[in-house]
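Here's a quick look at one sheet and a helix that sits on it. Have the structure open as you read.

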Amino acid sequence: MIRRIVTTEPGSTEVVAYLDSGVNRIVGVSDKCDYPPEVMSKPKVVRSILETGDDLSSGEIDRIYRSWIADGKPLYEVNWSLIEDLDPDLIVGQTLCGVCAFPLVSSISNKTLSVEKRPSYFNRIRQRVIATYSPRTFMGIAREAYMISRIIDREEKGANLVRSFRETVEELRGVGKHTKTIIIEWIEPIYMAGLWASDLVEIAGSKHLIGGGEEGRRVEWDIIRSFDPDLIVISPCGFTIDRTIKEIGLIERMPGWRDLRAVRRGDVYIVDSSYTSRPGPRVVRFAKTLLNLYTGGRLDREVAVNLYEL
């Protein structure tokens, strides 16, 4: 019986809270977990060591992180003593990204990004379950959530989520044919989104610079300019809509920006990254947003706004 759960990053926190219809069993989270809002009062078992405020630009944040990682410094501090005191039956976390959130297992160039040291064992000897939650595609989110649902005895809720995702896929399938789309997940330097975000673009039948399920990567502006997308989605990882608007000038000043087909048509949208960068139930709202962008449907303004209708 799973009675006490620790989640180490926002995606797994949102999934467990959704499956459990609340946060009663969640006893510890990371300092980046903010949804549902009730988790913000939970004990913080993971804390970010490197803090970057809203006064820093995307370029400054990128330079700070690159320098920090190059020096082999850990990005997160894990309070293993607190985890032991919380005595969880289940620990859930991701393994994909060591920059956006604490990974249970992650390395770049053989340098550990996440923790300075790991305990070889817990002092309190008893059975614990450690589950990784690291989906790469849209349906992968639902499938991995279903696996978590079986562990925490919420299988029906997990099965319903899978059905909902499948229905969304069928709604979205092919609606973006004969178009080209880019989803920007960082502004300076420019990174294209991959994983479930580019997967959704592929499902819609639109062309994208990153394949579905592939990790996002840096793309030179000349390539974007030559690609000349019909639809531009800007959703920097960790940014709200308002935060992105503050530095949208960085991309609007790129050479040839106003000549891009999407810009000429006014099809440039800013999306809250909570719906694009976190693999959880809320990604469905981003999928529905894409559906509306391709078909001219009504825009969910909590999720996205048109840059030229602000």
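## Where H1 starts and stops

Right after H1 comes Ser-21, with a positive phi near 55°. This is a predicted model, by the way. At the other end, where H1 starts, a side-chain oxygen of Glu-9 comes to within 2.8 Å of the backbone nitrogen of Gly-11.

## How covered is H1?

Mostly: 10 of the 11 residues in H1 are buried. Among them are Pro-10, Gly-11, Ser-12 and Thr-13, as well as Val-15, Val-16, Leu-19 and Asp-20. The cover over the buried residues of H1 includes strands E1, E2 and E5, along with helices H4 and H5 (155–172).

## The sheet underneath

Now for the sheet: six strands make an open one, ordered E4-E3-E2-E1-E5-E8, with mixed pairing. E4 (76–78) and E8 (129–132) are the edge strands; each has a single partner, so one side of each has no neighbour in the sheet. From one strand to the next, the twist averages 15°.

Further in, E1 (residues 5–7) and E5 (residues 90–93) run parallel and are joined by three bridges. Ile-5 sits opposite Leu-90 in E5.

## Helices on the sheet

H1 (residues 10–20) packs on the sheet and touches E1, E2 (26–30) and E5. The direction of H1 makes about 155° with that of E2.

H4 (residues 138–151) packs on the sheet too, touching E5 and E8. Here the direction of H4 makes about 165° with that of E8.

Terms used
Residues numbered from 1 in each chain as written. Predicted model: local features only at pLDDT ≥ 70, side-chain atom pairs only at ≥ 80, totals over all residues. Heavy atoms only, no water. Pairing = 2+ DSSP bridges. Helix = DSSP H or I, 4+ residues; strand = E, 2+ residues; numbered from the N terminus. Axes fitted to C-alpha atoms, helices over the stretch in contact; angles between N-to-C directions. Contact = heavy atoms within 4.5 Å. Buried < 20%, exposed > 50% of the residue type's maximum accessible area, 1.4 Å probe, protein only. Polar contact = N/O pair within 3.5 Å; in protein donor to acceptor, adjacent residues only side chain to side chain.
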